[in-house]
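Me: I've got a new structure open and I'm not sure how to read it. Could you walk me through it, one feature at a time?

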Amino acid sequence: MSALVGVIMGSKSDWATMCHTVETLEALGIEHEVKVVSAHRTPDLLFDYADTAVERGLEVIIAGAGGAAHLPGMCAAKTWLPVLGVPVQSSMLSGVDSLLSIVQMPAGIPTGTLAIGRAGAINAALLAASQLANKYPAIRTALINFRAEQTDRILDNPDPRPD
Ligand code: RP5
């Protein structure tokens, strides 16, 4: 099966965050592809990636970037597919710069915006799964099971003290 979710990031340095997206997609059994695509350093590649996303079979794009994080918004400007943005925690401004760069899109070009860092990276994959779950029963089942197991882990061991 071809990739349903495209995971792009502005730099190899974003991998430490975006690996959590990929791990979560893998845990849910969602076909995906991963690539560095920079809005600033490889703008033509970004345009080509977004232009060909639908014909290549992608249904959701997850874009992680830090600092002047224009990748998710520019990607959303070039495709009607849903684009989920993950603000990577930057060293200078702790990711607040990334968050504001992604979330403050002008009306007309929505870009889903997740939390800064690991939580956002994981939740982007889960949100992509929710978007795909109606159409793909296997993804729906995987998502329901993921959430049930998460709940059970807490209910089965509610004592917060280390074992
Ligand atoms: C952004 O600039 C990338 O998404 C990355 O978070 C940040 C820094 O990139 P590097 O200088 O580490 O390659 O485009």
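**Reading the fold step by step**

Reply: Let's start with a helix and what sits over it: the buried residues of α2 are covered by elements that include β1 and α3. Keep in mind that this is a predicted model.

Me: Which residues of helix α2 are the buried ones?

Reply: In α2, which spans residues 43-52, they are Leu46, Tyr49 and Ala50.

Me: And why do the buried residues of α2 line one face of the helix?

Reply: The trick is to look down the helix axis. Seen that way, the buried residues of α2 fall within an arc of 90°, so they line one face. Turned away from that buried side is a face with the exposed residues Asp44, Asp51 and Thr52.

Me: Now the sheet. In what order do its strands come?

Reply: Read a sheet from edge to edge rather than along the chain. Here 5 strands form an open sheet in the order β2-β1-β3-β4-β5, and the pairing is parallel. β2 (32-36) and β5 are the edge strands, since each of them pairs on one side only.

Me: How many bridges join β3 to strand β1, and how many to strand β4?

Reply: Strand β1 (residues 5-9) runs parallel to β3, with 5 bridges between them. With β4 (residues 83-88), β3 pairs over 6 bridges, again in the parallel sense. You can follow single partners too: Gly6 has Ile61 of β3 as its bridge partner, and Met9 has Gly64. On the β4 side, Gly64 stands opposite Val86.

Me: How much of strand β3 is buried?

Reply: For a strand, check both faces. In β3 (residues 60-66), 7 of 7 residues are buried. One side has Val60, Ile62, Gly64 and Gly66, the other has Ile61, Ala63 and Ala65, and both faces are covered.

Me: What kind of unit do β3, helix α3 and β4 make?

Reply: To read a unit like this, trace the path from strand to helix to strand. β3, α3 (residues 71-78) and β4 make a right-handed β-α-β unit.

Me: Let's zoom in on Lys78 in helix α3. Why does Lys78 count as partly exposed?

Reply: Counting neighbours settles that. A residue is buried with 20 or more other C-beta atoms within 10 Å and exposed with 12 or fewer. Lys78 has 16, so Lys78 is partly exposed. Setting aside residues within four places in sequence, Lys78 is in contact with Phe47, Ala50 and Asp51. Sequence distance is another thing to compare with space: Lys78 and Ile109 are 31 residues apart along the chain, with their C-alpha atoms 9.4 Å apart.

Me: And is Gly112 buried or exposed?

Reply: Use the neighbour count again: Gly112 is buried because 23 other C-beta atoms lie within 10 Å. Gly112 is in strand β5 (residues 112-113). Not counting residues up to four places away in sequence, Gly112 touches Pro82, Val83, Leu84, Gly85 and Leu127. Its C-alpha atom is separated by 13 Å from that of Ser130, 18 residues away along the chain.

Me: Last one: which residues are around the ligand?

Reply: List the shell, then sort it by character. Around the ligand are Met9, Gly10, Ser11, Ser13, Asp14, Ser38, His40, Ala65, Gly66, Gly67 and Val88. This shell divides into 3 nonpolar, 7 polar and 1 charged.

Definitions and conventions. Residues numbered from 1 in each chain as written. Predicted model: local features only at pLDDT ≥ 70, side-chain atom pairs only at ≥ 80, totals over all residues. Near = placed C-beta within 6 Å. Nonpolar A, V, L, I, M, F, W, Y, C, P; charged D, E, K, R; others polar. Helix = DSSP H or I, 4+ residues; strand = E, 2+ residues; numbered from the N terminus. Contact = placed C-beta atoms within 7 Å. Pairing = 2+ DSSP bridges. Right-handed = clockwise from strand over helix to strand, strands pointing away. Arc of directions from axis to C-beta.
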